[in-house]
Amino acid sequence: FYFSYGFLLLLLHILRAVIALEDKIIISKPGDNATLSCIYQERKLYLKNLRVYWQITDREDCSVVHAFISGQDNESEQCIHFKNRTQLFRDRLENGDFSLLLLNVSQSDKHKYKCVVLQNTEYTRVIYQTEVVLSLAASYSQPILSGPIRNSNSTGEEVTFSCRSGNGYPRPNVYWINKTDNSHLPPSTLQITPHDDGTYSVFSTLKVKATSNMQIECSVENKILQENLSANYTQQKQSNDSSTESQKNQEKNGRRAQAIGIVSTVILIGILAVLTCWLWRRRSSKLVSYK
């Protein structure tokens with residue numbers, strides 16, 4: 001008896017683990033449409049004998065997201081929050097695809113959803129159910145890092161860096177890193193701004209003492225997507241700008257000298273051609289007089 005009871009408990013734990021593994025995670029961007037998957041592939045079904053319920057499992061005040069009863073959508077028990085925002089794929093229902101299309105998802109739609117399929121024959125029984133977790137996420141844009149243009153003798157002065165990124169979700173983590181020793185630096189300011197479409201933009205600044213070999217990195221982390229986008233500061237010096245300007249002037253003078261050389265060569269060739277023609281005519285006239 002004790003062996004049978006222990007075996008049943010073990011079997012129950014295995015079944016719970018299998019059900020947990022069936023949970024699917026759907027990631028959608030705020031404002032987009034999300035498809036919550038529910039596919040029963042056992043056999044061809046008669047819609048008149050079916051009831052399909054999409055429900056929220058982590059909310060008690062209103063749980064019905066979408067109901068499909070005897071071949072028709074039923075809105076009588078549907079939560080007001082989901083009115084005119086849900087639909088099934090009609091051409092897939094008879095093949096057991098009861099996936100739900102949720103329109104214009106927002107932060108308030110982040111829930112665990114359950115799809116329950118019941119069959120009415122001699123009695124009503126559950127023939128299939130699955131759970132889907134809806135999460136919201138959007139990639140942030142590549143960070144733009146701005147830093148100071150320094151003189152070679154500005155070591156020790158306080159300089160300011162700024163970093164910006166946008167169009168992401170959820171709220172990001174922003175890190176400033178000193179790449180010379182990989183140490184984290186506290187930001188001077190951090191502004192995270194929400195937008196109407198549910199996404200965020202971020203702007204942060206960092207003030208530090210300038211060193212001779214500054215290497216600064218700004219990193220924007222999206223935990224849900226496990227994305228970490230970074231931008232690095234490349235040191236710029238005014239002396240480099242001056243040498244660059246000098247190099248440009250040298251190139252300009254070189255091109256001018258090359259043009260003068262080409263024009264001089266063309267003129268010289270023209271003079272030689274005229275002189276050759278004159279000499280040939282003079283020689284021809286002497287030959288005629290001799291004859």
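This passage walks through a predicted model of a single chain, from its overall make-up to its disulfides, strand pairing and two buried residues.

Taken as a whole, the chain holds two helices and 19 strands. Of its 291 residues, 32% count as buried. The exposed surface comes to about 19,200 Å², and carbon and sulfur atoms supply 53% of that area. As for contacts in the chain with a separation of 6 or more, 61% come from residues 24 or more positions apart.

Confidence is worth a look before going into detail. The average pLDDT for the chain is 82, with 78% of the residues scoring at least 70. Residues 5-22 are a stretch where the pLDDT is below 50, and in the model this stretch makes three contacts beyond near neighbours in sequence. Residues 286-291 also have a pLDDT below 50, and here the count of contacts beyond near neighbours in sequence is zero.

Next come the covalent cross-links. Searching the whole structure turns up two disulfides. One of them joins Cys 38 to Cys 115, with an S to S distance of 2.0 Å. Cys 38 sits in the loop between strand 2 (34-36) and strand 3 (50-56), while Cys 115 belongs to strand 8 (residues 112-120), so this pair ties together parts that lie 77 residues apart in sequence. The link of Cys 38 and Cys 115 is left-handed, with -65° about the S-S bond. Both Cys 38 and Cys 115 are buried.

Cys 163 and Cys 218 are also joined by a disulfide, at an S to S distance of 2.0 Å. In this case Cys 163 is part of strand 12 (residues 158-168) and Cys 218 is part of strand 17 (residues 216-222), so the bond ties together parts 55 residues apart in sequence. The torsion about the S-S bond of Cys 163 and Cys 218 is about -80°, which makes this disulfide left-handed. As for burial, Cys 163 has 3% relative accessibility and therefore counts as buried. Cys 218 comes in at 0% relative accessibility, so it counts as buried too.

Strand 12, home to Cys 163, pairs with strand 16 (residues 200-209) in the antiparallel sense over nine bridges. Within this pairing, Ser 165 has Val 202 of strand 16 as its bridge partner. Strand 16 also pairs with strand 15 (residues 189-194), again in the antiparallel sense, over six bridges. Here Thr 189 is matched with Thr 205 in strand 16. Strands 15 and 16 form a hairpin with five residues between them, and Gly 198 in the turn has a positive phi of about 95°.

Strand 17, which carries Cys 218, takes part in an open sheet of four strands in the order 14-13-17-18, with antiparallel pairing. Strand 14 (183-185) and strand 18 (227-232) stand at the edges with a single partner strand each, so one side of each lacks a neighbour in the sheet. From one strand to the next, the twist averages 35°. Strand 13 (residues 173-178) and strand 14 run antiparallel and are joined by three bridges. Trp 176 has Leu 185 in strand 14 as its bridge partner.

Glu 217 also lies in strand 17. Which residues does Glu 217 touch, not counting those up to four places away in sequence? The list is Tyr 175, Trp 176, Ile 177, Lys 179, Ser 230, Ala 231 and Asn 232. Trp 176 thus turns up again, having already appeared as the bridge partner of Leu 185. With a relative accessible area of 11%, under the 20% cut-off, Glu 217 is buried. The C-alpha atoms of Glu 217 and Phe 161 are separated by 9.8 Å, with the two residues 56 apart along the chain.

The other residue picked out here is His 111, found in the loop between strand 7 (100-102) and strand 8. Strand 8 is also where Cys 115 is located. Buried or exposed, at 14% relative accessibility? His 111 counts as buried. Leaving aside neighbours within four places in sequence, His 111 is in contact with Ile 56, Asp 58, Arg 59, Val 132, Val 133 and Leu 134. Among these, Ile 56 falls in strand 3 (50-56).

Definitions and conventions:
Residues numbered from 1 in each chain as written. Predicted model: local features only at pLDDT ≥ 70, side-chain atom pairs only at ≥ 80, totals over all residues. Heavy atoms only, no water. Disulfide = S-S within 2.5 Å. Buried < 20%, exposed > 50% of the residue type's maximum accessible area, 1.4 Å probe, protein only. pLDDT = per-residue confidence, 0-100. Contact = heavy atoms within 4.5 Å. Pairing = 2+ DSSP bridges. Areas by Shrake-Rupley, 256 points an atom, 1.4 Å probe, with all protein chains shown as cover. Axes fitted to C-alpha atoms, helices over the stretch in contact; angles between N-to-C directions.
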